[in-house]
Structure formats: structure tokens, C-alpha cells
Amino acid sequence: MPHNAYEAIPILEKLPLTIESIACYESTLLVGTKQGVLLLYKVIKQKSRGTSGEVKYDVTLDRSNKSFAKKPITQLAAVPELFLLISLSDNVISVHDLTNFQQICCVQKTKGATLFAVDVQKRETHTGIDYYLRMGVASKRKIQLFYWENREFQELRQDLSLYDFPHALSWCQNSLCVGFKRDYFMINTKSGNLKELFPVGASQPDPLVTPLSDNRLALGRDAMSILINADGDPTQKEPITWSDIPIAMEHCPPYLIAILNKFVEVRTIDPKMMIQNISLPKARFICQGSGSIYAASPNNVWCLAPVPNSEQIRQLLTGKEFELALKLAELADEEPTEKQTRIQNIKNLYAFHLFCQMRFDESLTLFAKLGTDPSHVIGLYPNLLPEEFRKKLEYPDKVPDISGSNYEKGIMALIEYLTQKRNELNKEGYKETSTTAIVEGNKTITSRKQLSQIIDTTLLKCYLQTNDALVAPLLRLKDNNCHIEESERVLKKKEKFSELIILYEKKGLHQKALSTLMKQAARPESPLKGHERTVQYLQHLGKDHIDLIFEYAVWVLKQYPEDGLKIFTEDLPEIENLPRDQVLDFLEKVSPDLAIPYLIHTRDQRSLFENWFHEERAILLGRLGRHEQALGIYVYTLKDFQRAEDYCAKNYDSNKEGNKDVYYLLLKLILKATDGPQMNGPSGKQLESALKLLEDHAMKIDTAKALELLPSTTKLTDILAFLENVLEHQTAHRRSNQILKSILYAENLQVTEHLIHKQSVKIIVTEEDMCRSCKRRIGQSVFCRYSNGHLVHYSCYTKDLTSKN
């Protein structure tokens with residue numbers, strides 16, 4: 001939507017001299033004329049506006065230099081950082097003092113120049129702030145590069161030759177963009193490489209290159225401006241389009257101001273918008289500096305005074321142009337707190353606008369970044385907040401009615417938003433928080449606990465509408481903070497009784513849960529029909545709720561006695577800790593027939609505990625190396641020979657004194673065990689177990705000791721397998737020893753032969769023999785001889801050996 005961004009105020013009218021160039025800085029306007037006269041005007045904005053509200057300027061001719069140049073001043077550039085004025089006249093560059101117009105130097109090397117471009121870089125040095133000035137000059141078919149030092153321009157590098165005469169020139173970081181009659185090129189000023197970009201428009205009289213404030217360039221192509229970076233690559237998919245072919249252009253963020261044939265046009269780059277057309281007859285020149293913008297025709301000059309930011313933002317918000325309003329707010333020169341508040345309000349309005357356009361993901365992402373009160377965001381949706389609460393909320397405009405696929409899309413975006421806010425709240429804890437309102441002045445919620453309750457309850461409602469499988473996981477969360485009454489209402493309305501039970505359980509409302517389970521058990525179509533869920537619920541309540549367990553166990557015990565008994569007999573820690581005397585008394589009152597099975601269960605449980613205790617004791621004894629006592633528990637107390645044998649397998653170690661006889665100890669204990677009170681020797685079953693142990697582990701038991709343990713009545717046929725295994729093992733062991741003996745004997749012969757051979761070598765040391773290490777004579781010194789025949793001093797040998805190690 002177009003709005004007024006600038007107001008054209010006449011500064012100079014009907015000037016008797018013909019304007020050829022303009023430049024400005026601070027409150028100073030410089031005008032170069034065709035007659036070679038340089039004019040300096042002071043332009044001061046009046047604090048008060050005119051009677052009709054227009055902006056007024058006081059304009060005074062501060063200085064006039066009639067002898068500044070003999071020919072037209074075709075280009076001017078003010079460098080206030082270095083107090084320099086650079087001009088082009090009579091095809092040569094001159095440098096003057098900006099304060100008094102005294103000439104500093106004339107750059108004779110630039111004779112034949114047709115245009116120039118300057119670049120000022122601010123640098124920090126150890127002495128403070130420094131400014132580095134570079135200049136590119138187009139002279140015939142070449143580019144000359146200079147830098148300012150010691151009050152004159154020095155050559156930056158050799159001249160760069162071109163194929164044609166340049167018609168436009170501008171710096172962009174370390175590159176120079178050159179516009180020829182037919183096309184554009186980018187020149188890297190460090191390497192000198194040229195990169196061809198694209199042709200100039202067919203209807204365009206001259207190329208146009210405009211530097212932007214963000215290290216980009218706008219290149220003209222007929223009625224378009226193509227934006228590129230310092231490498232010559234386009235930075236936007238779509239060009240900026242104009243009503244006509246631009247003649248001159250300036251970038252004053254966020255606006256791009258172009259002089260067209262009949263008027264001045266103002267546009268924005270992002271978002272791409274047409275902002276304003278200003279009628280300025282025959283305007284041909286434009287410049288800006290220190291926030292001032294001037295346009296000029298051959299005989300008139302206008303100041304383009306910006307409309308106050310607050311007024312522009314008001315116009316843009318009315319037209320719902322929030323992106324541009326934000327850019328203006330960010331560029332505004334205001335007190336930081338005030339500025340931040342304005343930006344926050346605009347962003348909230350923009351997020352609301354996106355919501356009204358059904359762009360839910362973008363809207364809620366922006367709300368999340370802004371820290372907007374989640375209850376205000378939830379209020380944008382119907383039927384998610386209590387009606388009396390929602391009525392208190394105010395919004396910038398009428399909230400749209402969302403239905404159909406848009407509603408589903410909106411709910412999915414809300415779920416993602418609420419999940420993010422939930423995670424943020426849980427990380428920060430339940431202290432006070434600060435949130436913002438969509439409409440300034442609306443009351444916001446500061447209690448984290450209250451916000452958490454609203455978020456969780458709304459998530460529950462959203463899941464019920466989109467994916468009810470997620471309801472139960474939400475309710476099971478340890479930090480779930482759903483509002484009980486509201487959640488109970490919506491779950492009952494949707495007949496989600498299983499999820500309702502989870503809600504009651506997590507909130508400690510066990511009476512309500514069990515009452516609901518009892519009612520639903522009798523309904524054939526209910527997912528909670530039957531008694532199973534009641535049994536499960538009661539099993540996990542624990543001793544603190546024993547009265548509640550007794551109250552709701554009655555109907556289960558009467559209708560389903562076997563399953564009802566499981567409430568008190570299942571292998572669960574909560575049931576183990578129930579007071580057994582009270583449970584027994586309760587069961588006797590309800591049904592005496594149930595008391596006996598309960599008593600049997602408790603006895604079996606005691607027996608299991610005792611077995612566990614004895615096993616643990618055996619393990620501890622084993623760790624202490626008291627294997628006979630440990631095995632005695634397995635054999636005599638637990639009467640479990642298999643576990644005893646497993647114990648031996650785990651602890652047997654033929655190389656460890658205390659562990660190599662574990663199988664022998666087990667054999668001894670088995671043969672001593674009796675089935676009755678009389679010690680009459682082993683029974684047939686025990687003897688059979690002992691003989692099997694001998695057969696399976698013959699190699700791990702001392703044969704002589706084992707035979708001594710066996711009863712004298714043992715038949716030879718019973719131990720035949722054991723003896724065969726022993727003899728076979730002994731034979732194999734003997735054969736292995738004989739082979740090893742033969743191998744060692746052969747190896748001894750080889751070593752002896754090798755020694756004799758080495759000792760037979762004769763070494764003669766003469767006066768000429770030198771040490772290979774230190775290059776000195778061996779003489780009478782102790783020496784070593786390497787296998788390759790080299791001789792070294794013994795001291796050198798030890799040194800070399802030490803260094804290698």
C-alpha cells in the first residue's frame with residue numbers, strides 16, 4: 001500500500017547557473033555548475049512547521065568559488081571524514097580542502113578521466129580511528145586505482161585495460177562494478193580479474209550502478225534493478241521493477257529512491273513495494289549524506305525530507321504493511337526501551353495478522369519468539385478456553401472463524417507451539433515470568449504454574465480433536481499439570497474413561513477412579529468393562545490406602561473370587577508390604593473360603609524367601625573361599641545337587657590352592673548326605689549322583705582321594721567309566737610329555753651347534769680397525785662385533801643401545 005515516505009521541499013529555485021553535479025554532508029549542500037562555479041549552501045531544518053504543517057528549511061549561500069574550475073564541474077564527492085572535496089572537471093581529478101576550497105593537489109595521472117568512484121573505510125588502529133580512502137577513475141579505456149596518503153593520491157596498482165569506455169562506476173568491498181554501453185563487468189581490484197555479468201537493457205540510454213548500504217549493488221536494466229553482491233552474483237530471485245527507466249538512484253534504508261523521466265519514485269527492496277511517486281520537473285541528479293537527500297534539475301534543487309517515522313509506521317499499520325513498519329521501527333533513532341516496546345507491539349500485530357491470513361505456523365512461531373502470553377494465543381481458537389476467560393481478552397481486530405481443513409491445520413500448529421512453551425516452562429521452574437499481550441494494556445498471566453495448567457489442559461483438548469492416542473501419554477507425564485475439573489469435563493464428554501482413570505490416578509483421586517471403574521465394569525460397551533482394571537488399580541495402591549483397597553475389593557471378591565484374591569497375592573512390592581493380619585481378617589469376613597488360599601500363599605512366600613536367603617549366604621561364603629560350607633548349604637539345606645555342581649564349575653581353578661578341590665569337596669558332601677535321621681551311609685540315589693559326578697569331572701578330582709571316599713561295597717563296574725576316563729587322560733598326558741621332551745632335546749642340540757659355530761669365529765683386530773660408531777681405533781679397548789662383521793667399542797655399543805631405548 002503506497003504511503004508518504006518523503007516530502008519534496010524546494011531549496012533552490014530558478015538558479016541562474018546550470019547545475020552539473022551535487023554532493024552533500026551534514027547540513028551542507030555543494031553544487032557544481034556548468035560555468036565552473038562551486039556553490040556551498042547551509043541547509044538548516046526549522047524546528048517548527050509552517051502554517052499548513054509543511055516542513056521549512058533555512059537556506060543560506062555560505063560560500064561561492066567562481067574560479068573553482070575553468071570547465072564544467074561534472075562530478076563532486078565530499079569526504080568529510082578526511083575534510084576532502086574531490087571533483088572532476090576538464091577531464092582531470094582535483095582534490096580541495098573541504099573547509100576552505102583551497103586546492104590540495106591535482107592528480108595529473110588522471111588526465112582524460114570521465115568519471116570516478118570513491119570508497120571510505122573506517123579502521124581501528126593502535127592510535128585510534130583511521131580512515132582509508134580509495135578511488136577508482138575511468139580514463140578512456142582503462143581503470144586507474146589510487147589510495148590517499150600523505151596529502152596525495154598514490155597508485156594502488158597498475159592500470160587495468162578495458163575493451164570499451166566506462167559509463168558507470170561504483171565500489172563494492174574489494175570490487176569495482178563497471179557499466180559499459182552494452183554490458184556490466186565486475187573487477188576484482190586485488191587480482192585484476194574481470195567477470196562479465198549481463199547486458200544493459202536495450203532501451204536504456206546509459207548503464208546505472210548504485211551502491212547499497214549492505215555491501216550490494218543495484219544495476220539498471222531498462223525499468224528493472226538487479227541486485228548483486230561483491231562477487232557479481234544476484235542476491236534476489238526477482239528484480240526491483242520501476243514505472244520507467246531510472247536516470248539516477250540512491251539507497252536510503254529501507255527505501256530505494258530513483259529519479260525517472262517524469263517523477264521521483266520510492267520503492268522498498270524487501271518486501272518489494274511501490275511506496276510513493278513525487279513530481280519533480282526535469283530532475284536529473286540525486287545525492288545523500290548524513291541523513292539528508294537532495295534531488296536537482298539543471299536549475300532547481302529539492303530536499304527530500306523524510307516523513308516522521310511514527311507517522312509512516314501509523315500509515316503502514318493501518319494498511320497492514322507490518323514488515324515495512326518493522327524495518328522502519330528498527331531503523332528509528334529512539335530511546336532503546338521505547339524502541340523495543342514499539343517493535344514488540346508491531347510484531348504482535350504482525351503475528352495476529354498472519355493468523356488472520358491462516359498462516360498459522362508463521363504466526364505461532366513469531367508469538368513464541370515474542371514471549372506472548374500463551375493464553376492470549378490460545379484465545380484465538382474457539383472452544384479451548386473457558387468462555388468467561390476468553391471474553392476478557394482483546395484483539396486488534398475481529399478474530400477469524402476457523403473451520404474445516406484450516407481448523408485442523410491451525411490446531412496442529414498450536415500443538416507444536418504449546419509443546420515448545422511447555423518445555424520452556426518446565427526448564428525454568430514455577431517462578432514468576434513475564435509475558436506480553438497481543439494488544440498493549442491487556443492483562444497477562446505471570447504465574448508459571450497457572451500458565452502450565454492452561455497449556456497442559458489445552459494440549460489435552462487439542463489431542464482429543466486430532467490424535468486421541470496422545471492423550472494417555474500426556475496424562476502419564478510426571479510433570480503433567482492439567483486442570484482437573486476442566487480435563488474431567490472434556491474427557492467425560494468424549495467418553496474417554498480409560499484416560500479419565502489415568503487423570504484420577506496421577507492426581508491422587510483414587511476414590512473417584514475406583515468409583516468410575518466400578519460403574520464402567522457393568523457397561524458392556526465400555527472399554528473398562530469387567531473387573532480386570534479394578535484389580536490392577538487396587539494392586540498398585542499400597543498399604544497407605546488399605547481402607548480403600550478393602551472397600552473396592554469386596555465386589556470383585558464376591559463376583560470373581562479367584563481374580564479378587566490376586567489383589568492380595570500378586571508378586572508386587574505394593575502387595576508384599578500390605579499388613580497380612582489385616583488382610584487375613586478382611587478375607588475371613590468377606591469369604592472364609594478365601595482365607596486358606598491366602599495363608600498357603602503367605603507360607604509359600606516365606607519358603608521362597610528362606611531359599612533366597614540360603615542362596616545368598618552360599619554366594620557370600622564362596623567369595624570368602626569357604627567352599628565346603630557353601631556346598632554344604634546346596635547339598636544339605638537346599639538339597640539341590642545341580643546348583644552345587646554349577647557352583648563348582650564357576651569356582652574351579654586347577655592352579656589355585658583353595659579352588660582346585662571344589663569337586664572333591666562336593667563328592668565328599670554327597671556321599672555323607674543321608675535321606676533319614678540315621679547316618680547309615682549314602683542312599684542309592686546319592687551314590688548314583690556321586691558316581692555321575694566322578695564320571696563327568698574325572699580330570700578335576702584327585703583319583704586316590706576319591707576312591708578312599710567311596711563305600712567298600714561299591715562295585716568295580718560302577719566306577720569303570722570313571723577309571724577309564726582317568727587312565728585315558730593320564731595316557732594322553734604322558735604321551736604329550738614325551739613329545740614335548742623330544743622337541744626340547746632337538747632344540748637344545750640346535751642351540752649347542754649354533755653356539756659352537758659362533759665360538760669358532762676368529763676375530764683379528766689390527767691397528768687399522770676403526771669403531772663404526774665413533775670412528776676411532778679399536779686398539780686394546782673392549783669391543784663388540786655385530787653379526788655383519790662391524791666392530792664398535794663396547795662403550796659406544798652401550799651408548800647406542802641406550803639412545804635406541
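Which residues of the largest nonpolar core touch the most other members? They are Y6, I257, Y381, L414 and F568, out of 112 residues in that core. Keep in mind that this is a predicted model, where local features need pLDDT of at least 70 and side-chain atom pairs count only at pLDDT 80 or more, while totals for chains, interfaces and linings use all residues. Residues are numbered from 1 along each chain as its sequence is written, and side-chain values use heavy atoms, with hydrogens and water left out.

**Domains**
- The protein chain splits into domain 1 (1-18 + 242-315), domain 2 (530-606), domain 3 (614-673 + 683-714) and domain 4 (762-804), with bounds from an automatic or database domain assignment.
- Between the C-alpha centres of domain 2 and domain 4 there are 95 Å.

**Nonpolar cores**
- A nonpolar core here is a set of buried Ala, Val, Leu, Ile, Met, Phe, Trp, Tyr and Cys residues joined through side-chain atoms within 4.5 Å; buried means under 20% relative accessible area, with a 1.4 Å probe and protein chains only.
- Helix α14 (residues 546-559) gives the largest core its largest share, nine residues; helices are DSSP runs of H or I, at least four residues, and strands are E runs of at least two, numbered from the N terminus.
- Domain 1 and domain 2 each supply at least three residues to this core.
- Apart from the largest core lies another one, of 32 residues, including L621, I633, L671 and L693.
- I257 has contacts (heavy atoms within 4.5 Å) with Y6, A248, M249, E250, C252, V264, E265, V266, I286, I293 and L304, leaving aside residues up to four places away in sequence.

**A four-stranded sheet**
- Four strands make an open sheet in the order β14-β15-β16-β17, paired antiparallel; pairing takes at least two DSSP bridges between two strands.
- β14 (168-172) and β17 (194-199) are the edge strands with a single partner each, so one side of each has no neighbour in the sheet.
- On average, neighbouring strands of this sheet are turned by 20 degrees against each other, direction ignored, using axes that are lines fitted to C-alpha atoms.
- Five bridges join β14 to β15 (residues 175-179) in the antiparallel sense, and L169 has V178 in β15 as its bridge partner.

**Cysteines**
- Searching the whole structure turns up zero disulfides, a disulfide being a pair of cysteine sulfur atoms within 2.5 Å.
- Why is C24 not bonded to C287? The sulfur of C287 is the closest cysteine sulfur to that of C24, but at 3.6 Å it is too far for a bond.
- C24 is buried at a relative accessible area of 8%, and C287 is buried too, at 6%.

Methods
Axes fitted to C-alpha atoms, helices over the stretch in contact; angles between N-to-C directions. Buried < 20%, exposed > 50% of the residue type's maximum accessible area, 1.4 Å probe, protein only.
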